[in-house]
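Me: Please take me through the reasoning behind the labels used for this model.

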Amino acid sequence: MTAPAWGQLAALVAVLAILCPPLGWYLARVYGGSAAPGDRIFGPLERLIYRVCGIDPEGEQHWKVYAYSLLAFSCVSVLILYAQLRLQGHLPLNPNHLGDVSPGLSFNTAVSFLTNTNWQNYAGETTMTQLSQMAGLAFHNFVSAAAGAAVAVALVRGLLRRRTQNLGNFWVDLTRMSVRVLLPLAVVGTLILVSQGTVQNFHANTPAHTVEGAVQPIPGGPVASQEAIKEAGQNGGGFFNANSAHPFENPNAITDFLELALILLIPFAFPFMYGFMVGDLKQGVVILTVMLTLWLAAALGAMQLETAGSVKLTAAGANQAVSATQSGGNMEGKEVRFGPASCGLFAASTTGTSTGAVNCMHDSMTPLGGAIPLVNMMFGEVDPGGTGSGLYGMLIFALLAVFIAGLMVGRTPEYLGKKIQAAEMKLVMLYILAVPIVILAFTAASVLLKGPLRSLANSGPHGLTEMIYAFTSMANNNGSAFAGLNGNTPWFNITGAIAMLAGRFLLMIPVLALAGSLAMKQPVPPSAGTFPTGSKLFYGLLLGVVLIVVGLTFFPVVALGPIVEHLAGHFRL
Amino acid sequence: LADVGFVVLLVAFFAVAAAFVAACDKIVGTRATFDAGEGEPAPGSGGPVRDDASEGGVAA
């Protein structure tokens with residue numbers, strides 16, 4: 001890796017180290033229920049929303065009511081988005097006179113943005129009107145992130161509370177996260193992006209006459225405002241087809257760095273929030289260090305593999321050395337202004353979180369370099385994960401870890417004083433098994449059927465990687481595309497939407513049930529036999545559990561895809 | 001017709017999700033019944049489950 005690549009990584013870690021702890025403290029205050037910074041600014045807006053929507057901010061909800069509120073909000077909002085996309089040709093803010101979105105694509109897109117996935121079977125600049133982008137897709141960028149955060153906070157409250165069935169109020173949690181965290185962050189991010197040249201206007205396409213005599217439409221639109229929340233809420237759906245590789249979304253190294261920081265800021269702040277809320281920062285630090293270890297390993301691996309270059313390009317006689325005129329490494333599918341190291345860092349960050357934005361084409365990464373974003377998603381979006389979903393995903397692994405530790409020493413496991421019993425482990429198992437079943441079943445069906453296979457651009461192990469990547473991305477609500485797969489077909493629009501819905505709600509419901517179950521328990525005081533979950537030992541155990549569970553589940557398919565492709569390229573098979 | 005089909009599919013999914021909430025509540029409910037009895041056997045269970053966490057014993 002080059003010195004600038006190391007510098008970029010070090011600067012990113014430094015910025016996160018400065019910003020995440022105070023943001024975690026702020027989040028703890030936002031969700032704490034008592035006075036929080038910014039009450040005078042945000043309070044009136046929140047009260048207005050509560051009045052208009054008929055919300056009682058003091059009303060506490062049983063976990064089932066909390067879950068039903070989440071489902072009701074999701075069901076209504078996805079139907080509204082579906083209708084908006086189907087009717088967009090008849091609605092305002094359509095300067096390019098685009099038509100209605102087709103039923104299958106509307107279905108897939110509505111589900112995709114509802115579930116914080118932002119998988120896109122379309123090119124934004126030729127499919128979506130500016131109203132659809134702003135009032136449809138960007139709206140979900142806010143509320144889908146806030147809904148994920150609400151579920152995580154409900155789980156933390158479940159761990160904290162005793163002898164109660166109440167977990168807070170879903171509507172209040174949704175509103176406070178949107179108004180007090182995401183909105184300010186999006187405004188600041190937008191202003192910085194605009195200052196650096198990211199497009200923000202309501203222009204129609206501007207025709208440009210090229211030197212070859214062709215006419216090229218130059219797109220406009222409210223890009224920066226969507227770009228900021230796309231990264232800050234770990235959504236990832238690009239205004240343009242090329243996503244953050246497009247110069248109008250991500251014009252230079254400064255915006256690239258800002259987007260990386262926005263992607264990682266809230267997910268890495270959540271463990272601090274957790275530590276502050278439970279009153280034991282060590283608990284949060286253990287969660288944080290496991291997330292950080294996995295993310296750093298992925299980032300360093302992808303950066304190194306892409307800067308080292310491609311075996312196939314070497315065989316074809318390409319010069320991949322670093323020089324004054326090129327950044328070196330595997331430049332296929334990379335933006336010249338970013339280079340391979342930035343691609344690796346962005347790829348690891350966007351897949352470790354549930355963002356899915358890309359600043360390079362993952363399909364063009366080296367086989368093992370491309371395996372890193374794939375495996376990152378297979379972890380279940382926990383390094384550091386999406387807004388809230390990263391924290392609750394890692395807490396599920398923590399409960400599994402204490403259960404395994406309890407089995408090894410023959411004691412009833414505890415976590416933060418709450419006994420982890422059969423009911424909790426059944427819910428943990430539902431969570432752990434749901435997504436792998438969806439991924440592997442849909443991938444297996446897709447490679448057995450002739451129709452889905454025709455969507456692939458490649459055959460052999462690379463084709464398998466394209467297929468498994470697509471379902472891994474959708475089921476884990478990531479949304480990044482490996483490319484090389486035409487997803488706008490009835491099969492992928494429908495199975496993809498089912499995978500996204502299952503990957504979202506079949507995980508959130510057990511988490512809320514778990515929170516409700518834990519909230520009812522009376523904590524037991526720590527004894528000599530209590531496993532210290534704020535210790536280095538637990539860090540090792542938690543890291544090991546994550547690696548073993550994911551390894552046992554997905555290693556065979558990773559071996560048949562990117563590993564076989566790497567070996568075949570290396571030994572010229 | 002396609003619109004009707006997709007709307008029905010969406011509503012059906014959320015109906016299934018609501019049923020899944022009820023299924024998870026049954027899992028939670030079993031444990032809650034046991035906890036309410038503070039060591040007494042839950043209805044239909046084989047007998048009392050030992051709370052070993054504070055005794056250093058072997059899990060039942």
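The exchange below concerns a predicted model and sets its computed values against the cut-offs behind each label.

Me: Why is E249(A) called buried?
Reply: The relative accessible area of E249(A) is 0%, and buried means under 20%, so E249(A) meets the criterion. The residue is placed in the loop between α8 (223–232) and α9 (253–278) of chain A.

Me: What makes the approach of the E249(A) side chain to the backbone nitrogen of F239(A) a polar contact?
Reply: A polar atom of the E249(A) side chain lies 2.7 Å from the backbone nitrogen of F239(A), and the limit for such a pair is 3.5 Å. The same side chain also reaches the backbone nitrogen of F240(A), at 2.8 Å. Beyond its neighbours within four places in sequence, E249(A) has contacts that include T198(A), V223(A), K230(A) and E259(A).

Me: How do you know that E46(A) and R180(A) form a salt bridge?
Reply: Their N to O distance is 2.5 Å, and the cut-off is 4 Å; the pair therefore qualifies. It links distant parts of the chain, with E46(A) in helix α2 (residues 39–53) and R180(A) in helix α7 (residues 170–195), 134 residues apart.

Me: Are E46(A) and R180(A) buried or exposed?
Reply: E46(A) has 3% relative accessibility, and R180(A) likewise has 3%. Buried means under 20%, so E46(A) counts as buried and so does R180(A).

Me: What makes E306(A) and K334(A) a salt bridge, and where do the two residues lie?
Reply: The closest N and O atoms of E306(A) and K334(A) are 2.8 Å apart, against a limit of 4 Å. E306(A) belongs to helix α10 (residues 281–308) of chain A, while K334(A) lies in the loop between α11 (311–315) and α12 (339–352), 28 residues apart. E306(A) is buried at 0% relative accessibility, and K334(A) is buried at 8%.

Me: Why are E335(A) and R337(A) called partly exposed?
Reply: The relative accessible area is 24% for E335(A) and 30% for R337(A). Partly exposed covers what falls between the 20% and 50% limits, so the label applies to E335(A) and to R337(A). These two residues form a salt bridge with N and O atoms 2.4 Å apart. Elsewhere, salt bridges that share partners join D39(A), E46(A), R176(A) and R180(A) into one network.

Me: How do you know that β1 and β2 of chain A pair?
Reply: Strand β1 (residues 206–209) and strand β2 (residues 215–218) are joined in the antiparallel sense over 4 bridges, and at least two are needed. The bridge partner of T206(A) in β2(A) is I218(A). The two strands form a hairpin with 5 residues between them, and G213(A) in the turn has a positive phi of about 95 degrees.

Me: What makes D25(B) and K64(A) a salt bridge between the chains?
Reply: The closest N and O atoms of D25(B) and K64(A) are 3.1 Å apart, and the limit is 4 Å. There are 2 salt bridges between chain B and chain A. The side of chain B that touches chain A divides into 21 nonpolar, 3 polar and 7 charged residues.

Me: How much area do chain B and chain A bury between them?
Reply: They bury about 3,000 Å², 73% of it on carbon and sulfur atoms. The contact involves 31 residues from chain B and 40 residues from chain A.

Definitions and conventions: Residues numbered from 1 in each chain as written. Chains lettered and ligands numbered in written order. Predicted model: local features only at pLDDT ≥ 70, side-chain atom pairs only at ≥ 80, totals over all residues. Heavy atoms only, no water. Contact = heavy atoms within 4.5 Å. Buried area = accessible area lost by both parts, 1.4 Å probe. Salt bridge = Lys/Arg side-chain N within 4 Å of Asp/Glu carboxyl O. Nonpolar A, V, L, I, M, F, W, Y, C, P; charged D, E, K, R; others polar. Buried < 20%, exposed > 50% of the residue type's maximum accessible area, 1.4 Å probe, protein only. Polar contact = N/O pair within 3.5 Å; in protein donor to acceptor, adjacent residues only side chain to side chain.
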